[in-house]
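User: I am new to reading protein models, and I would like to learn how to look at cysteines, helices, cores and sheets. Could we go through them one feature at a time?

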Amino acid sequence: MSRLVISTFYFFLMVKLCSSICLHDSVQGDTHVVSPPVVEHTSSIFRRSTTWAPQRPLRVTPWFLPGESALLTPSQNTQLQSAMKEVTKIISNMLSVHRSEEPLLLNRDMNKYCRSVWGDPSLLKCGSGDISYLGERCLDVVIPDSHLRGYEVWPMNGTEPDHVTPDGTGVPNTDFLLYVRVAQTEKCASQPSVVAYASYCQLDHSGRPIAGVIVFCPKRLRDGVLQHQHIVQVCLHEILHALGFSSSLFEHWIDCSFSAAGHMCSSRSRVTNTDERGQLRIYTPNVMQKMGEHLGVGSVGAPLENQERPTSSHWEARIMQGSILTASLSPPHLTSLDPITLAAFQDMGWYGVNTSMNNHLVWGKGAGVSFGLPSTCQERLLGFFCKDSDIGCHHLHLDKGNCSTDAFMDGCHIYKPLLHGGECWLQQERHGSEEIYHPQSRCFFSNLTK
């Protein structure tokens, strides 16, 4: 491998331009979430659907807001729409649900449109409408009335409502409605490394998200650095949060495993817990099995990022490098939809999961339960970690790498791919170099000299 020199300034400049940091937890905290009216239950066991139906591919419908496309060029808009189309296809192949064949209608928040309620606790009626009610929002998006259920205002002793707002027409052929916004928001301006962020804003009776929003920062789309697969990767990462991999939804995950048809479900008692080393992990059956298989040990919880408090919506970077759901994404060719992430979606209880879609996670494979701890990562364990600031090979051997760390690595160092000229697999002429760059080329250590 040739000796490569890259200046510190240039290296961090390229990191700033090309990396993507996720803001989901802070964004979700700012999002008002609406659920259907709660009916009193005497048991934690409930029906997932009123009539059993086989699970069918999840239909995600992107709803592009009119007018905001003006922030991008026609080719950039085409690129964004193409990426969204590819991501919805990936999700449809990955997840399935018990569908409703009716158009999707979102709920209204009674606390907003109603000033007072009366009636039986299981069937509350609005007794006085709020004249200041202006409709519903999803993050910063105004939800069209045509997407919303109607509402009524009833007199205390009357048999007919005083006011009726009818149901909208709904969105046909949809299981999850995703509002797509392009806007240079305050979050975009304050976080130059952010390409997009997303949140969910509506849940169904089982707690499954049925609507959300994704915001794209136009400056990142316009700067010319991001290619199609970068945008696809960021879209997929953010939509997976909105579909359920969110710390604010962990308490909503349900267990449908004791019903043969997955028809009767119960609340999970607890999804996360802290291990003896203080690492917060997800302890659900499929996640524990897949994490244990990956590390070559018995069942073990999968670790959540400890740099995001109190509970992160990302896997711990030291242990899950290359997963689609770490807080800082690697380049697309080094990132995969891993089996542990798919196991988490199985354990949510809302979805059927096509587990054949996963790509094997190489980082830490068979390395044991102590892999990736700050106390062990200095040992160059199985060649995954490194020391100092030398040049080496990324662990997948597709790229040359620089031994470095970041805010999520707790001082551990890994070979991060060079962001300029380090792609061994990218066929091109390199004048003055005796190296061969080809789709089958790989990075390796050698002491051979000419």
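User: Let me begin with a single residue: does Cys412 count as buried or exposed?

Analyst: Please keep in mind throughout that this is a predicted model. A residue counts as buried when its relative accessible area is under 20%, and Cys412 has 0% relative accessibility, so Cys412 counts as buried.

User: Which cysteine forms a disulfide with Cys412, and where in the chain do the two lie?

Analyst: As a general idea, a disulfide is a covalent bond between the sulfur atoms of two cysteines. Here Cys412 is joined to Cys377, with the sulfur atoms 2.0 Å apart, and the link is left-handed, with -90° about the S-S bond. The pair links distant parts of the chain, since Cys377 sits in the loop between strand 21 (352–353) and strand 22 (391–393), while Cys412 sits in the loop between strand 23 (400–404) and strand 24 (414–417), 35 residues apart. Cys377 counts as buried too, at 1% relative accessibility.

User: How many disulfides does the structure hold, and what is the handedness of the link of Cys386 and Cys403?

Analyst: There are seven disulfides in the structure. The one between Cys386 and Cys403 has an S to S distance of 2.1 Å, and with 105° about the S-S bond this link is right-handed. Cys386 lies in the loop between strand 21 and strand 22, whereas Cys403 belongs to strand 23, so the disulfide ties together parts that are 17 residues apart in sequence. Both Cys386 and Cys403 are buried. Another of the disulfides joins Cys256 to Cys265, whose sulfur atoms are 2.1 Å apart, and this link is right-handed, with 100° about the S-S bond. Cys256 is buried at a relative accessible area of 11%, and Cys265 is buried at 0%.

User: How should I read a helix, and what span should helix 7 have?

Analyst: An α-helix has 3.6 residues a turn, so residues three or four places apart point the same way. Helix 7 covers residues 228–243, and at 1.5 Å a residue its 16 residues should span 22 Å, which agrees with its end C-alpha atoms being 22 Å apart. This helix is mostly covered, because 13 of its 16 residues are buried under the 20% cut-off. After helix 7 comes Gly244, whose phi is positive, near 150°.

User: Which residues have the most contacts inside the largest nonpolar core?

Analyst: In soluble globular proteins, nonpolar side chains tend to be buried together. In this model the largest nonpolar core has 78 residues, and those with the most contacts inside it are Phe216, Trp315, Phe345 and Tyr351. Helix 7 supplies the largest share of this core, with nine residues. Another core of 22 residues lies apart from it, and its members include Cys138, Val141, Leu148 and Tyr179.

User: Finally, in what order do strands 17, 18 and 19 stand in their sheet, and which strands are at the edges?

Analyst: Strands of a sheet pair through backbone hydrogen bonds, either parallel or antiparallel. In this case three strands form an open sheet in the order 17-18-19, with antiparallel pairing. Strand 17 (272–274) and strand 19 (302–303) stand at the edges, each with a single partner strand, so one side of each is left without a neighbour in the sheet. Strand 17 is joined to strand 18 (residues 280–282) by three bridges, and Thr274 stands opposite Leu280 in strand 18.

Notes. Residues numbered from 1 in each chain as written. Predicted model: local features only at pLDDT ≥ 70, side-chain atom pairs only at ≥ 80, totals over all residues. Heavy atoms only, no water. Disulfide = S-S within 2.5 Å. Buried < 20%, exposed > 50% of the residue type's maximum accessible area, 1.4 Å probe, protein only. Helix = DSSP H or I, 4+ residues; strand = E, 2+ residues; numbered from the N terminus. Expected span 1.5 Å × (residues − 1). Core = buried A, V, L, I, M, F, W, Y, C linked by side-chain atoms within 4.5 Å. Pairing = 2+ DSSP bridges.
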